[in-house]
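Student: I would like to go through this model and check the terms used for it. Could we take them one at a time?

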Amino acid sequence: MTDRGVPYRPPADVAEALRIQEELRPRVDLVGPGPTAPATVAGLDVAYAESGDRLAAAVTVLDAATLAVVDEAVVVSRPAFDYVPGLFAFRELPALLAALDRLTVRPDLLICDGHGLAHPRRFGLACHLGLVTGLPAVGVGKTPLVGVWDEPAPQRGAWTPPRDGGEVVGRVLRTRDGVKPVFVSVGHRMSLDNAVDRVLALTPRYRLPETTRTADHLCRRALAEAGGRAATPAGDGDPAASA
DNA sequence: GCGACAG
DNA sequence: ATCTTGTCGC
């Protein structure tokens, strides 16, 4: 699932992580437009143990029409990098990629728990994940990272453009009437319009996409069941061994 | 210089 | 991310 894009390179330090982002940023496909009727859509999320030394990364694949889960995978591992705003992807990517490799179907679209272009260097988790998998990807953040915007109208579907350094980096989108908006941005091989349409199709009932919700449930469950035991054997090694 | 800062 | 008590609403 992860062998059709650019190879993932684990950074040794912050300086290298910044170099990798600057190097990969130009390779993001900003045109898309991406699938308007995907057969399957994947959600990715990570849960952490309170000690902070362990995490569970989950991927769930949903039938885009029925929103039923048709495949899923979860990996228990360790954070691969310290948490640094803007370098967040390096923390979770190795475990997420390991989970993706355990899927039996290759999804048509990735819905990431974090931002895509709405990032200081226009290369958030969704861009990185899209590039490494070669799959269309969308970022859906629950809280902002960059940008200024006006409050969207209270109705589902209402949106305003968040601007950072003069450019529009995504959309502040109301997915349900009267709830806090989410922050949608392009990850890879998707247009912003299509990204918003796909997110609205995935939010028939709750604020967050069903993909994110099912993945969230799965990784929390896996973390609880992992208890105090060892990390998931990850085929060719511990996904966190890179940090 | 100070504060803010995806998860 | 995770920890938290209560509260409002379906």
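Student: What makes the crossing of H2 and H3 left-handed or right-handed, and which is it?

Tutor: This is a predicted model, and in it the crossing of H2 and H3 is right-handed. The term applies because the near helix is turned clockwise from the far one by less than a right angle.

Student: Why are H2 and H3 called oblique to each other?

Tutor: The axes of helix H2 (residues 89-101) and helix H3 (residues 125-133) cross at roughly 40°. Angles under 35 degrees count as roughly parallel, and 65 to 115 as roughly perpendicular. The crossing angle of roughly 40° falls in neither range, so H2 and H3 are oblique. Their axes come within 11 Å.

Student: How do you know which residues of H2 and H3 meet?

Tutor: Contact means heavy atoms within 4.5 Å. By that cut-off, Ala 89, Phe 90, Leu 93, Leu 96, Leu 97 and Leu 100 in H2 meet Leu 125, His 128, Leu 129, Val 132 and Thr 133 in H3. The residues of this contact divide into nine nonpolar, two polar and no charged.

Student: What makes a residue count as near DNA strand C, and which residues are around it?

Tutor: A residue is near a strand if one of its heavy atoms lies within 4 Å of it. Around DNA strand C these are Ala 47, Tyr 48, Lys 142 and Arg 220. By class they are two nonpolar, no polar and two charged. Of the strand C atoms within 4 Å of the protein, 100% belong to sugar or phosphate.

Student: Why does Lys 142 have a polar contact with DNA strand C?

Tutor: A phosphate oxygen of DNA strand C is 3.1 Å from an N or O atom in the side chain of Lys 142. A polar contact is a pair of N or O atoms within 3.5 Å, so this pair qualifies. Tyr 48 has a polar backbone atom 3.5 Å from a phosphate oxygen of DNA strand C.

Student: What surrounds DNA strand B?

Tutor: DNA strand B has 15 residues around it, and the closest are Tyr 83, Phe 88, Lys 142, Thr 143 and Pro 144. Of the strand B atoms within 4 Å of the protein, 53% belong to sugar or phosphate and the rest to bases.

Student: How do you know which residues have N or O atoms by a base nitrogen of DNA strand B?

Tutor: A backbone N or O atom of Phe 88 lies 3.3 Å from a base nitrogen, and a polar side-chain atom of His 119 lies 3.4 Å from one. For Thr 143, a side-chain N or O atom is 2.7 Å from a phosphate oxygen of DNA strand B.

Student: What makes Leu 67 worth a remark?

Tutor: Leu 67 has a positive phi of about 65° although it is not a glycine. Most residues other than glycine have a negative phi. Leu 67 is in the loop between strand E2 (55-63) and strand E3 (69-77).

How values were computed: Residues numbered from 1 in each chain as written. Chains lettered and ligands numbered in written order. Predicted model: local features only at pLDDT ≥ 70, side-chain atom pairs only at ≥ 80, totals over all residues. Heavy atoms only, no water. Polar contact = N/O pair within 3.5 Å; in protein donor to acceptor, adjacent residues only side chain to side chain. Nonpolar A, V, L, I, M, F, W, Y, C, P; charged D, E, K, R; others polar. Axes fitted to C-alpha atoms, helices over the stretch in contact; angles between N-to-C directions. Helix = DSSP H or I, 4+ residues; strand = E, 2+ residues; numbered from the N terminus.
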